[in-house]
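Me: I am new to this structure and would like a close look at one part of it. Could you start from a single loop residue and work outwards from there?

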Amino acid sequence: EEFARLCALEIYQGSRDLSMFSPQCLANSLWALAKLTVVINNKGDLRRGATTKFLCQAVIAAAGPRLLDFKPQELSMLAWSLAKFQGCTQSKKHKRSKSGAEVKDTNCFLACLAEVAHGRLSELSPQSMSNIAWALAST
């Protein structure tokens, strides 16, 4: 748990360039942080329990332009994690380019992710499908 919290702090402080993370690393990192419900308050102190807008925004910004590079399980993990962190950057406006590069909102990002997953439906395991469906229903 302490290691995950320190990783979250690295992301929060901008010490890590998430664009250098592979799709698997992005998905695994966000999943682990969501699983532990690691959060950072406004002072940069780590704590458990609430959502962390910054972590979600950082991962969305790094993953958005590369969604087509994510494997089905990685898409599922991203969707589940964002839903678990629920409400990171919610708004109802879908401001995005066709490539997904401008996605900054959780709901918009999940809509883009769902489009990518829809195109790869035959590759999704039943667990991946249910995780994505749950994420879409939960946000």
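Reply: L36 is partly exposed, since its relative accessible area is 24%, and a residue counts as buried only under 20%. This is a predicted model, so please read every value here as computed from predicted coordinates. You will find L36 in the loop between α2 and β1, the strand that spans 38-40. If you follow the chain back to E2, you cover 34 residues, yet the C-alpha atoms of L36 and E2 are separated by 10.0 Å.

Now step back into helix α2, where L30 has its place. Is L30 buried or exposed? With a relative accessibility of 1%, L30 counts as buried, because the limit for that word is under 20%. L36, at 24%, is partly exposed instead.

Who surrounds L30? Setting aside the neighbours within four places in sequence, L30 is in contact with V59, L78, S81, L82 and F85. Take L78 as one of them: L30 and L78 are 48 residues apart in sequence, while their C-alpha atoms are 6.9 Å apart in space. For the protein taken together, among contacts between residues at least 6 apart in sequence, 68% join residues at least 24 apart.

Helix α2 also leads us to the largest pocket, which has a volume of about 180 Å³. Ten residues line the largest pocket, and the closest to its centre are F3, C7, I11, F21 and S29. Two elements each give two or more residues to this lining: α1, covering 2-12, and α2, covering 23-35. The largest share, five residues, comes from α1. What kinds of residues make up the lining of the largest pocket? They divide into seven nonpolar, one polar and two charged.

Another loop is worth a visit, the one between α3 (53-63) and α4 (72-84), where P65 is found. P65 is partly exposed, with a relative accessible area of 46%. Its partner for a distance check is S19: P65 and S19 are 46 residues apart in sequence, and their C-alpha atoms are 9.7 Å apart in space.

Further along the chain, look for a pair of charged side chains. A search of the whole structure finds one salt bridge, and it is formed by E123 with R120. The closest N and O atoms of E123 and R120 are 3.3 Å apart, so the pair meets the cut-off of 4 Å. The two partners differ in how they are covered: R120 is buried because its relative accessible area of 17% falls under 20%, whereas E123 is partly exposed at 46%.

Finally, here is the setting for all these places. The protein has six helices and two strands, and from the N terminus on its elements run α-α-β-β-α-α-α-α. In that order you can place the loop of L36, which lies between α2 and β1. Of the 139 residues of the protein, 44% count as buried, with L30 at 1% relative accessibility being one of the residues that count as buried. The protein exposes about 7500 Å², and carbon and sulfur atoms supply 53% of this area.

Definitions and conventions: Residues numbered from 1 in each chain as written. Predicted model: local features only at pLDDT ≥ 70, side-chain atom pairs only at ≥ 80, totals over all residues. Heavy atoms only, no water. Salt bridge = Lys/Arg side-chain N within 4 Å of Asp/Glu carboxyl O. Buried < 20%, exposed > 50% of the residue type's maximum accessible area, 1.4 Å probe, protein only. 1 Å grid on protein atoms, 1.4 Å probe; cavity = no way out; pocket = protein on both sides within 12 Å on 5 of 7 lines; lining within 4 Å. Points joined across faces, edges and corners; volume = space filled by probe spheres on them. Helix = DSSP H or I, 4+ residues; strand = E, 2+ residues; numbered from the N terminus. Nonpolar A, V, L, I, M, F, W, Y, C, P; charged D, E, K, R; others polar. Contact = heavy atoms within 4.5 Å. Areas by Shrake-Rupley, 256 points an atom, 1.4 Å probe, with all protein chains shown as cover.
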